[in-house]
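User: I'd like to practise reading a structure with you, one feature at a time. Can we take it slowly and start from what's on the screen?

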Amino acid sequence: MSSPSRASGAKSIPKTNPRAIPTQPRTSKLWDPLGKSPRSFSSPKSFSLEEENYFSRSHTSSSPGNAPRMSAVDLECFHVGQVWRDTGIALVGNGDFSIRLHCQRQAVPAGANKEDADLVILVGSGGTHRSVNEGNCIIGLNYRRHATKKGKAFLVPEFCTCIVKDPKPVLISCGVAVLRKTPSGENQIILKRGSNSQALVAVKARLYSLLTALSRGQAKHQVDDIIRGFNMWSSFELDSLVDMTATSMRILFYNNTSKQQHYKEAWNPLFASSPPQNPILRQLQAAAEEEMSRRRSDGSSNSEDRTRPWTLPKGNFCHPAQGEYEKPFECASRELKAETGLDWPDCRVESPQVDIPRTDSPVSMERFFFWRNDALPTPESGEAGGEKQWMWFSFEEAARKSPTAKTIIGSVQCLELMKT
């Protein structure tokens, strides 16, 4: 790859924070999908982590016709909000934005689980690899832009100037708190839950990858991480593994939003006999039977409220491969539409909102926009695309079912909106 050209002159950056980190002048690539060549700028020798977390700037295209071009990711430092070691992804950004960074995995000894390996980035164009962890700040990141088959953008790192510990909140997800006051004066809020347990959602991609590998005759033996979560699968989901037939597995994969993870007919030979011939599948089946037997013996059924907990409509950023970045209020309204079918075209950056910390990471947060509309549809429950279930709950019941809802309902913004 040819080295990017340097811009003339360094960028002026405020230096109000006395804690500055010295760096060498560098060239940082800007994400520019519509351009034909990378643009660049040269950073000053020192800059402040506190002051440089600005989001984006507009640039003029160098392509023929000087066509308009999207705003570029122009962060001097990417803060790490979450690390998904099983998928090799780090969610990086700042307090108003995040994007997936697909990293390399650190080499592990033979026989070790690769999905537990640390994620690493090369420090310096010819330096060494450093681990990427939550609370880190990646300074001077050079990266390439890629897009999924669905056209959603992510970044692949080439190298960075340095990685330091500098925990700051990263906005991971956005959602909408939909409120109404009934004619009887009861305050209500919408909660939703997925068709699958959270434990199954967490390993569904891995189970899909396992079945695909087995259908191709490839040896893939890492199933302990799947089995560990069986205690949080719903009984219905475990029954699909106990039956271990093409029909039961087709049902297990039916309610997945990702078409890439639907049941594949190429898996049929794996379930042609009962019990299955493959020892790995028999191991999964036996573990599912053991968990179901435990539930029958102690009388527990793992209620749906435990395996499929209620929460507010929300989701992660989904940036397009081309065009403007998805803003927080756009992410929130898109997720609301996808998960409840409700359309809120008037969601804006100035809409009432609140940021709350996420429970799965100390340096990640989520933003909820408030929408009160007493004239919303009266049906008490609904389905959106056969994937999500949603219902109206009184504030008191919602607070019992969802810790997030309890925080939202108790916020100053919510109390002000529901005064009248």
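User: Is Tyr208 buried or exposed?

Analyst: Keep in mind that this is a predicted model. Tyr208 is buried, with a relative accessible area of 17%; the call follows because anything under 20% counts as buried.

User: What kind of aromatic pair do Tyr208 and Trp267 make?

Analyst: A pair of aromatic rings is described by the distance of the centres and the angle of the planes. In this model the count comes to 9 aromatic pairs. For Tyr208 and Trp267, the ring centres are 5.3 Å apart and the planes sit at 70°, so you'd call the pair edge-to-face. Tyr208 is in helix H1 (residues 198-215), while Trp267 is in the loop between helix H4 (246-252) and helix H5 (279-298), so the pair ties together parts that are 59 residues apart in sequence. Trp267 is buried too, at 0% relative accessibility.

User: Which residues form one aromatic cluster with Tyr208?

Analyst: Phe253, Tyr263 and Trp267 join Tyr208 in that cluster.

User: How are the rings of Trp344 and Trp371 arranged?

Analyst: They're stacked, with 5.2 Å from centre to centre and 5° between the planes. Trp344 comes from the loop between helix H7 (328-340) and strand E18 (353-357), and Trp371 from strand E19, so this pair links parts that are 27 residues apart in sequence. Both tryptophans, Trp344 and Trp371, are buried.

User: Let's turn to strands. Which strands does E15 pair with?

Analyst: To read a strand, go through its partners and check the direction of each. E15 (residues 170-181) pairs in the parallel sense with E19 (residues 364-372), over 9 bridges, and Val170 stands opposite Ser364 there. With E17 (residues 314-316), E15 runs antiparallel, joined by 3 bridges; Gly315 in E17 is the bridge partner of Cys174. E16 (residues 187-194) also pairs with E15 in the antiparallel sense, over 3 bridges, and here Leu179 faces Ile189.

User: How many residues lie between E15 and E16 in their hairpin?

Analyst: There are 5 residues between them, and Gly185 in the turn has a positive phi of about 95°.

User: And how many residues of E15 are buried?

Analyst: The strand is mostly covered, with 11 of its 12 residues buried. While you're in that region, look at Arg180: it lies over the face of Trp392, at 4.1 Å from the ring centre.

User: What is the strand order in the open sheet of 3 strands?

Analyst: The order is E8-E9-E10, and the pairing is antiparallel. E8 (104-105) and E10 (128-132) are the edge strands, each pairing on one side only. Between E9 (residues 119-123) and E10 there are 5 bridges in the antiparallel sense, with Leu119 standing opposite Val132.

User: Last topic, cysteines. How many disulfides does the structure hold?

Analyst: A disulfide is a covalent bond between the sulfur atoms of two cysteines. The structure holds 0 of them.

User: Why is Cys77 not bonded to Cys137?

Analyst: Check the sulfur distance. Cys137 has the cysteine sulfur closest to that of Cys77, but at 4.0 Å it's too far for a bond, because the cut-off is 2.5 Å. Cys77 is buried, at 0% relative accessibility. For Cys347, the closest cysteine sulfur is that of Cys174, 9.1 Å away and again too far for a bond. Cys347 counts as buried as well, with a relative accessible area of 2%.

Methods. Residues are numbered from 1 along each chain as its sequence is written. This is a predicted model: local features need pLDDT of at least 70, side-chain atom pairs count only at pLDDT 80 or more; totals for chains, interfaces and linings use all residues. Side-chain values use heavy atoms; hydrogens and water are left out. Buried means under 20% relative accessible area, exposed over 50%, partly exposed in between (1.4 Å probe, protein chains only). Helices (H or I, at least four residues) and strands (E, at least two) are DSSP runs, numbered from the N terminus. Two strands pair if DSSP finds at least two bridges between them. Rings of Phe, Tyr and Trp (its six-membered ring) pair if their centres lie within 6.5 Å; planes under 30 degrees apart count as stacked, over 60 as edge-to-face and the rest as tilted. A charge sits over a ring if NZ of Lys or CZ of Arg is within 6 Å of the ring centre and within 35 degrees of the ring normal.
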